[in-house]
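Work through the exercises below with the sequence and the model open. Each task is followed by a solution in steps.

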Amino acid sequence: MGNDIAFMRQALSLAEQAASMGEVPVGAVVVAAGKVIGEGFNRPIESCDPTAHAEIVALRNAATGLGNYRLTGCDLYVTIEPCTMCVGAMVHGRINRIIFGALEPRAGALTSQLALMDAQHFNHSIDWVGGVLEQECSDLIKGFFKRRRQKNG
């Protein structure tokens, strides 16, 4: 659990970078053999790319670094429960394990709205665990939206 906390702290730091740019504060890191090989934070606004979720950015970064789109044996840490698009990309990339912080009650695709890894039709299965630094991850995103609502008032 110690490594999970350390890597989630790195993802939280990336999420804070997203918030500083006005993006929804989600951060992600891809880890292989105990080392971060890819990282990302939400940037769909800045990049004009609806697929630029933190997880997708981190997966692209890791795959480019490895020179292979298959990320077999890699774990992905993300501050919030991934959406359907991101879980699908992780299945295609052959991620080994997903570790997330806070639940995503509106669009979470592991337990909140969907349980995609319970489906039997995928050609790859991913182990997952949620709730790592859950309070910190939840506080970051809730605070972001609270400030946004106050600003737009």
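**Exercise 1. A residue in a helix**

At 12% relative accessibility, Ile141 counts as buried in this predicted model. Task: find which helix holds Ile141 and which residues distant in sequence Ile141 is in contact with.

Solution.
- Step 1. Ile141 belongs to helix α5.
- Step 2. The cut-off for buried is under 20% relative accessible area, and Ile141 has 12%.
- Step 3. With neighbours within four places in sequence set aside, the contacts of Ile141 are Val24, Pro25, Val26 and Ile80.
- Step 4. Leu66 serves as a comparison: Ile141 and Leu66 are 75 residues apart along the chain, and their C-alpha atoms are separated by 31 Å.

**Exercise 2. The sheet and its helices**

Task: give the strand order of the open sheet, then state which helices pack on the sheet and which strands they touch.

Solution.
- Step 1. The sheet has five strands in the order β2-β1-β3-β4-β5, and the pairing is mixed.
- Step 2. β2 (35–41) and β5 (127–129) are the edge strands, each pairing on one side only.
- Step 3. From one strand to the next, the twist averages 15 degrees.
- Step 4. Within the sheet, β1 (residues 27–32) pairs with β3 (residues 75–80) in the antiparallel sense, over four bridges. Val31 stands opposite Asp75 of β3.
- Step 5. Helix α3 (residues 54–66) packs on the sheet and touches β1, β2 and β3. The direction of α3 makes about 140 degrees with that of β2.
- Step 6. Helix α5 (residues 134–152) also packs on the sheet, touching β3 and β4 (97–102). Its direction makes about 60 degrees with that of β4.

**Exercise 3. The nonpolar cores**

Task: name the residues that touch the most other members of the largest nonpolar core, and find which element gives the most to this core.

Solution.
- Step 1. The largest core has 29 residues; Val30, Leu59, Leu76, Met90 and Ile95 touch the most other members.
- Step 2. Two or more residues come from each of β1, α3, β3, α4 (84–93) and β4.
- Step 3. The most come from α3, which gives six residues.
- Step 4. Take Leu59 as a worked case. Beyond its neighbours within four places in sequence, Leu59 is in contact with Val30, Leu71, Leu76, Ala89, Met90 and Ile95.
- Step 5. A second core is separate and has 17 residues, among them Leu12, Val31, Tyr77 and Leu133.
- Step 6. As background, nonpolar side chains tend to be buried together in soluble globular proteins.

**Exercise 4. Helix α4**

Task: list the buried residues of α4 and say what they pack against.

Solution.
- Step 1. Cys86, Val87, Met90, Val91 and Gly93 are the buried residues of α4.
- Step 2. These residues pack against α3, β3 and β4.
- Step 3. Arg94 follows α4 and has a positive phi, near 65 degrees.

**Exercise 5. The cysteines**

Task: state how many disulfides the structure holds, and explain why Cys48 has no bond to the closest cysteine sulfur.

Solution.
- Step 1. The count of disulfides is zero.
- Step 2. The closest cysteine sulfur to that of Cys48 is in Cys86, 18 Å away, so the two are too far apart for a bond. The cut-off is 2.5 Å between the sulfur atoms.
- Step 3. Cys74 is in no disulfide either; its nearest cysteine sulfur, that of Cys86, is 16 Å away.
- Step 4. The surroundings can be compared by accessibility. Cys48 is exposed at 71% relative accessibility, whereas Cys74 is buried with a relative accessible area of 2%.

**Exercise 6. Aromatic pairs**

Task: count the aromatic pairs, then describe the pair of Phe7 and Tyr77 and the pair of Phe144 and Phe145.

Solution.
- Step 1. The count comes to three aromatic pairs.
- Step 2. Phe7 and Tyr77 are 5.3 Å apart centre to centre, with 45 degrees between the planes, and the pair is tilted.
- Step 3. Phe7 lies in helix α1 (residues 2–20) and Tyr77 in strand β3, so this pair ties together parts 70 residues apart in sequence.
- Step 4. Phe7 is buried with a relative accessible area of 9%, and Tyr77 is buried at 2% relative accessibility.
- Step 5. Phe144 and Phe145 form an edge-to-face pair, 5.2 Å centre to centre with 80 degrees between the planes.
- Step 6. Phe144 is buried, with a relative accessible area of 8%, while Phe145 is partly exposed, with 29%.

How values were computed: Residues are numbered from 1 along each chain as its sequence is written. Side-chain values use heavy atoms; hydrogens and water are left out. Two strands pair if DSSP finds at least two bridges between them. Axes are lines fitted to C-alpha atoms, for helices over the stretch in contact, and angles run from 0 to 180 degrees between N-to-C directions. Contact means heavy atoms within 4.5 Å. A nonpolar core is a set of buried Ala, Val, Leu, Ile, Met, Phe, Trp, Tyr and Cys residues joined through side-chain atoms within 4.5 Å. Buried means under 20% relative accessible area, exposed over 50%, partly exposed in between (1.4 Å probe, protein chains only). Rings of Phe, Tyr and Trp (its six-membered ring) pair if their centres lie within 6.5 Å; planes under 30 degrees apart count as stacked, over 60 as edge-to-face and the rest as tilted.
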